[in-house]
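Hi,

Thanks for offering to take a look at this one. The structure is just here, and my notes come after it.

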Amino acid sequence: MGYATHNPHTMVIMYKKQLTVQRILCLAAVIASAIVFLYALGIMTDLYDALYDTMRNPKNVFQTDVDGSIVYYNMQEFNKVFLNYSIVLVVLGAFLFVTNTHIRRRYYVGNYVAIGLFTAASVYLTIFAHRYIQIFKQQWLQVDFAALKAHSEMWGTLYTESTFWFDIHYLVFAILLIVACALVANAVWKRNLMKEEDQLVEEGRRVLQ
């Protein structure tokens, strides 16, 4: 839609709609970040419950009742980094509110920076996490599940062959990326509205001259 097709009344309506959308999206960014954080906290739940007890010698993690259980230890360093990154993402989501990106009628450099940082972090974390989660999923599938079942029956620990905690990352990061892309689209929309408003103001000045 070209600039000339907008009048002041239309601009007011469009700004109201856009302000509503940006409030929703900033809140969605914080919620999506919190979901990623909770996922980082929970991703190793089944591995801990099922595999931790199979390694009975803390000084030698390779000494185990179940072949392949080393995946539990292999994932720990990744999980620490993933959790730290997810905390940073939550902070960046909150930064959208610190910069008033959720309510500001006109965006300034700080607002674009906040959106850019959140989007960049979302994309990076998605790529980082997906890569390693796929690796550890393959390691999990190499566990001797027959031995794990026997161990579970003997000691009353969890037995599962589920890949739920690995597979759910597709949904978690899909939500995050959708929100990040929507924030960028909203910023473009905002910028276009600002240009149209500036043009209307300039045209008004010319009329008065």
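What follows is a short tour of helix 3 and its neighbours. Please bear in mind that this is a predicted model.

Let me start with the helix itself. Helix 3 covers residues 71-98. Its 28 residues, at 1.5 Å a residue, should span 40 Å, and the end C-alpha atoms are indeed 40 Å apart, so the expected and computed lengths agree. There is nevertheless a kink of about 30 degrees, with its centre at glutamate 77. Beyond the end of the helix comes asparagine 100, which has a positive phi near 60 degrees.

Which residues of helix 3 are buried? They are Val71, Tyr72, Met75, Phe78, Asn79, Phe82, Ser86, Leu89, Leu92, Gly93 and Leu96. For the spacing in that list, remember that an α-helix has 3.6 residues a turn, so residues three or four places apart point the same way.

Now the neighbours. Helix 1 (residues 8-42) packs against helix 3 at about 165 degrees, the axes being 8 Å apart. An angle over 145 degrees counts as roughly antiparallel, and helix 1 and helix 3 are therefore roughly antiparallel to each other. The crossing is left-handed. On the helix 1 side the contacts include Cys26, Val30, Phe37 and Leu41, while the helix 3 residues they meet include Asn79, Phe82, Ser86 and Gly93.

Helix 4 (residues 109-141) also approaches helix 3: their axes come within 10 Å and cross at roughly 165 degrees. Helix 3 and helix 4 are therefore roughly antiparallel too, and helix 3 passes helix 4 in a left-handed crossing.

Best wishes

Methods:
Residues are numbered from 1 along each chain as its sequence is written. This is a predicted model: local features need pLDDT of at least 70, side-chain atom pairs count only at pLDDT 80 or more; totals for chains, interfaces and linings use all residues. Side-chain values use heavy atoms; hydrogens and water are left out. Helices (H or I, at least four residues) and strands (E, at least two) are DSSP runs, numbered from the N terminus. The expected span of a helix is 1.5 Å times one less than its number of residues. The bend at a residue is the angle between axes fitted to the seven residues ending there and the seven starting there. Buried means under 20% relative accessible area, exposed over 50%, partly exposed in between (1.4 Å probe, protein chains only). Axes are lines fitted to C-alpha atoms, for helices over the stretch in contact, and angles run from 0 to 180 degrees between N-to-C directions. Angles under 35 degrees count as roughly parallel, over 145 as roughly antiparallel, 65 to 115 as roughly perpendicular and the rest as oblique. A crossing is left-handed if the near helix is turned anticlockwise from the far one by less than a right angle, and right-handed if clockwise. Contact means heavy atoms within 4.5 Å.
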